[in-house]
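Please look at the sequence and the structure shown here, and follow the paragraphs below with both at hand.

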Amino acid sequence: MATDSQPQPETQLDTTVRSHNYYRNAVEKHWDPHEIDLEADLDGAAELPEPAFEGLKQSLALFGAGEESVTEDLAPLAVVLDDIGDQMFLTTQLYEESKHTDFFDRYWREVVHAEEKRRGQELSSPTDEKWFNEPYDELFERNERAMDRLLEDDSPENRAKAHCHYHLTIEGILAQTGYYGLTLAYGENEPDLPDLPGLVEGLKLIRSDEGRHVGFGMAQLKSLVIDGDVEADLLRETVGELVPLVQKSLTSDDGASSEGGPGPSPSDLSEYAYHKHEQRMRQITTASEKIPEVEELTELDA
């Protein structure tokens, strides 16, 4: 029996209520990727030097493909979760990942292709293999395997690994850090790069969604740890194996991300990612700490 000095673990009711709150937050924060005004981005893209334009395209290709991949891979988790609050939330996440894919596809067609035409270049494709490297492919292949494994053996360990792959690493480290960096690079606070307000608005909305998604995964993992179903070391080991793939996935040869160039440096982004991940791990594995409320999770840093 817990004493007053011992924090009470979350109950199943707490988890259900939290998932329902995530669901309601998603409903209330609905947005349409086709309502974002991209007109000013056409002028901004015209000001980009060629190396920065290529770097922007690679970033958009990486994140667009990532959103498409996680849209495809999330379904097994929706199958094995049996709590109605979890199921309701997962329907919104599947929908939102699809919207993110739609946004990047629209941006490529309406901004990237328009600028390539203006420069007299051959139209590129965001699915061209030149944008991706082996570590990037391996990261998403591991995520797919971790999700598919749930359909064969829905054990607490496999469920924890799936959340670590999907919510903590791909969304919490890769996506959130990358989107944060692009928001800084092409927002009003970077004088050496043109503003891309439509891109920044879309990224902020996506980041808000991703904050909710990461929070859901954190809450699921905290329940597994606090209930004694998995050890905290399993989470650290799983993410630790994936972090090198994340680091190798993102190139740093574009003007918006290289050391000494405009925009945040790779070391700045690494520090940001490390701080955020360590904070999340403390909230997951420490009984006395709580997962932030959904409103806090969807607030932005930039």
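**A walk through the helices**

Setting aside residues up to four places away in sequence, His213 is in contact with Phe89, Gln93, Glu96, Glu97, His100, His167 and Glu171. This is a predicted model, and the contacts of His213 are a convenient place to enter it. His213 belongs to helix α8, and its relative accessible area of 0% is why it counts as buried, the cut-off being under 20%. With one of its contact partners there is also a polar interaction, in which the side chain of His213 meets the side chain of Glu171 at 3.1 Å. Close to that partner in the numbering is Gly172, whose C-alpha lies 8.8 Å from that of His213, although the two residues are 41 positions apart in sequence.

From this residue it helps to step back to the chain as a whole. The protein chain contains 11 helices and zero strands, so that its pattern, read along the sequence, is α-α-α-α-α-α-α-α-α-α-α. Of its 302 residues, 54% count as buried. Among the contacts with a separation of 6 or more, 82% are accounted for by residues 24 or more positions apart.

Helix α7 offers a second point of entry. Thr169 lies in this helix, and it counts as buried because its relative accessibility is 0%. Apart from residues up to four places away in sequence, Thr169 touches Leu139, Cys164, Leu174, Val239, Leu242 and Val246.

How does α7 cross α10, and at roughly what angle? The axes of α7 and α10 come within 10 Å and cross at roughly 140 degrees, and the crossing in which α7 passes α10 is right-handed. On the α7 side, the contact is made by Leu168, Gly172, Ile173, Gln176, Thr177, Tyr180 and Gly181, while α10 contributes Leu269, Tyr272, Ala273, His277, Arg280, Met281 and Ile284. Sorted by character, the residues of the contact of α7 with α10 comprise eight that are nonpolar, five that are polar and one that is charged.

Helix α10, which spans residues 266-285, also holds Gln283. Is Gln283 buried or exposed? Gln283 is buried, because its relative accessible area is 11%, where the cut-off is under 20%. When residues up to four places away in sequence are not counted, Gln283 touches Met218, Lys222, Glu289, Lys290, Ile291 and Pro292. Gln283 and Ala219 are 64 residues apart in sequence, yet their C-alpha atoms are 9.2 Å apart in space.

One of the residues touched by Gln283 is Lys222, which is found in helix α8, residues 197-226. Lys222 carries a charged side chain by the grouping used here, and it counts as buried because its relative accessibility is 6%. The side chain of Lys222 reaches the backbone oxygen of Glu289 at a distance of 2.9 Å. Its contacts, leaving aside neighbours within four places in sequence, are with Gln283, Ile284, Thr286, Ala287, Glu289 and Ile291. Gln283, Glu289 and Lys222 are therefore linked by contacts that can be followed in turn, with Gln283 touching both Lys222 and Glu289 and Lys222 in contact with Glu289.

The aromatic residues give another way of following the chain. When rings are paired if their centres lie within 6.5 Å, the count comes to 11 aromatic pairs. In one of them, the rings of Phe63 and Tyr179 have their centres 4.8 Å apart, and because their planes stand at 50 degrees the pair is classed as tilted. This pair links distant parts of the chain, with Phe63 in helix α3 (residues 50-73) and Tyr179 in helix α7 (residues 156-185), 116 residues apart. Both Phe63 and Tyr179 are buried.

A further pair is formed by Trp108 and Trp131, whose ring centres are 5.9 Å apart and whose planes stand at 70 degrees, so this pair is edge-to-face. Trp108 lies in helix α5 (residues 84-118), whereas Trp131 lies in the loop between α5 and α6 (134-152), so the pair ties together parts that are 23 residues apart in sequence. Both of these residues, Trp108 and Trp131, are buried. Phe63 and Tyr179 reappear in one aromatic cluster, which they form with Phe103, Phe104 and Tyr107.

Note on methods:
Residues numbered from 1 in each chain as written. Predicted model: local features only at pLDDT ≥ 70, side-chain atom pairs only at ≥ 80, totals over all residues. Heavy atoms only, no water. Helix = DSSP H or I, 4+ residues; strand = E, 2+ residues; numbered from the N terminus. Buried < 20%, exposed > 50% of the residue type's maximum accessible area, 1.4 Å probe, protein only. Contact = heavy atoms within 4.5 Å. Polar contact = N/O pair within 3.5 Å; in protein donor to acceptor, adjacent residues only side chain to side chain. Phe/Tyr/Trp six-rings, centres within 6.5 Å; stacked < 30°, edge-to-face > 60°. Axes fitted to C-alpha atoms, helices over the stretch in contact; angles between N-to-C directions. Left-handed = near helix turned anticlockwise from the far one by under 90°.
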